[in-house]
Amino acid sequence: MSTPLYRRIAAELRHAIGRGELAPGSQLPTEQELGDRYKVSRNTVRLALGLLANEGIITSTPGRGTFVRDRIMLTYHASRAEAADRPDDWHTDAYFTEVRQQGRQPSQRFDMRIDPASLAVAQRLRVEEGAAVVVRRMIRYVDGEPWSIQDSSYPMDIAQQAGLLVPHDLPGGTVRAMAEHGHVEVGYRDELTTRMPTPEEVRTLDLAAGVPVLAYVRTCYTKERPVRLTETIFAGDRNRLVYELGDLDALYERDE
């Protein structure tokens with residue numbers, strides 16, 4: 001069975017994008033121009049472009065045209081970014097340091113609220129279902145583009161002791177704020193799930209059709225109890241998570 005024309009056109013355009021002939025941000029020819037080039041109908045061209053849009057490779061803007069999506073990846077070092085003992089030069093929130101070290105410009109939008117604990121939150125934080133928890137939300141951006149949605153939930157007593165019930169971000173981050181009040185995180189349990197986004201996540205992260213999200217859930221423990229539950233929703237087409245485990249002196253010697 002022969003490959004449908006629209007799939008052949010999509011494959012050729014995909015190959016051109018992969019080779020860099022159509023650079024990120026560049027505009028594709030119009031539907032009429034593509035139809036003339038491949039000697040096919042505009043409907044066939046639309047099917048080909050729709051296939052690429054569903055893969056998150058291109059995006060269309062009414063009145064402007066169709067463009068190659070910028071898919072520059074940002075690396076998030078999950079092993080060290082939130083550590084209470086991270087290097088002294090990480091004076092600000094770990095996210096800002098992480099992004100700036102990669103030559104990008106970070107920004108974020110903050111919100112704080114008090115919610116009743118859902119069953120999933122209650123089980124992870126070992127509180128009663130419906131108990132009040134403090135939720136600190138960050139909508140984070142890289143170079144002005146949406147990057148992630150992060151919700152961190154804290155038991156009410158921990159939040160009160162560490163001064164987390166404030167309507168703004170903390171310069172040194174909440175991990176250090178808790179540590180300064182005797183709640184030192186010593187262990188983590190991470191859960192990673194890939195799924196399709198909710199409508200709200202599509203809008204907030206400006207996701208193209210067909211682009212999944214990576215849901216990264218971290219439960220943080222002191223020696224006595226869980227003290228923080230952080231769920232970060234990453235856009236699947238522009239993020240890379242890296243874990244570093246064990247003795248990595250050889251890695252850092254090579255990088256120097």
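This is a short tour of a predicted model, going from the whole chain to two helices and then to a few loop residues.

**Whole chain**

Start with the full chain displayed as a cartoon. Its secondary structure comes to nine helices and ten strands. The C-alpha atoms fill a box of roughly 70 × 50 × 35 Å along the principal axes. Colour by accessibility next: of the 256 residues in the chain, 43% are buried. If contacts are drawn between residues at least 6 apart in sequence, 61% of them join residues at least 24 apart.

**Helix α1**

Select residues 5–18, which form helix α1. This helix has 14 residues, and the distance from its first C-alpha to its last is 20 Å, close to the 20 Å expected at 1.5 Å a residue.

Now show the side chains of Ile9, Ala10, Leu13, Ala16 and Ile17, which are the buried residues in α1. Turn the view to look down the axis of α1: the buried residues fall within an arc of 125°, so they line one face of the helix. An α-helix has 3.6 residues a turn, so residues three or four places apart point the same way.

What covers this buried set in α1? Add α2 (31–38), α3 (42–54), β1 (58–61) and β2 (65–68) to the selection, since the cover includes these elements.

Before leaving α1, step just past its end to Gly20, where phi is positive at about 90°.

**Helix α3**

Select α3, residues 42–54. Its 13 residues should span 18 Å at 1.5 Å a residue, and the end C-alpha atoms are 18 Å apart, which agrees.

The buried residues to show in α3 are Thr44, Val45, Ala48, Leu49, Leu51 and Leu52. Seen down the axis of α3, they lie within an arc of 150° and so line one face of the helix. These buried residues pack against α1, α2 and β1.

Beyond the end of α3, pick Gly56, whose phi is positive and near 75°.

**Where α1 meets α3**

Keep α1 and α3 on screen and hide the rest. How do their axes cross? The axes come within 8 Å and cross at roughly 50°. At that angle the two helices are therefore oblique to each other. The crossing of α1 past α3 is right-handed.

For the contacts themselves, select these two groups:

- On the α1 side: Leu5, Tyr6, Arg7, Ile9, Ala10, Leu13 and Arg14.
- On the α3 side: Thr44, Leu47, Ala48, Leu49, Leu51 and Leu52.

Within the α1 group, Ile9, Ala10 and Leu13 are among the buried residues of that helix. Within the α3 group, the buried residues include Thr44, Ala48, Leu49, Leu51 and Leu52.

**Two loop residues with positive phi**

Go to the loop between α2 and α3 and select Lys39. Its phi is near 55°, a positive value in a residue other than glycine. Is Lys39 buried or exposed? With 74% relative accessibility, Lys39 counts as exposed.

For the last stop, move to the loop between α8 (199–205) and β8 (213–221) and select Asp206. Asp206 is not a glycine either, but has a positive phi of about 50°. Its relative accessible area is 45%, so Asp206 is partly exposed.

Terms used: Residues are numbered from 1 along each chain as its sequence is written. This is a predicted model: local features need pLDDT of at least 70, side-chain atom pairs count only at pLDDT 80 or more; totals for chains, interfaces and linings use all residues. Side-chain values use heavy atoms; hydrogens and water are left out. Helices (H or I, at least four residues) and strands (E, at least two) are DSSP runs, numbered from the N terminus. The expected span of a helix is 1.5 Å times one less than its number of residues. Buried means under 20% relative accessible area, exposed over 50%, partly exposed in between (1.4 Å probe, protein chains only). The arc is that of the directions from the helix axis to the C-beta atoms. Contact means heavy atoms within 4.5 Å. Axes are lines fitted to C-alpha atoms, for helices over the stretch in contact, and angles run from 0 to 180 degrees between N-to-C directions. Angles under 35 degrees count as roughly parallel, over 145 as roughly antiparallel, 65 to 115 as roughly perpendicular and the rest as oblique. A crossing is left-handed if the near helix is turned anticlockwise from the far one by less than a right angle, and right-handed if clockwise.
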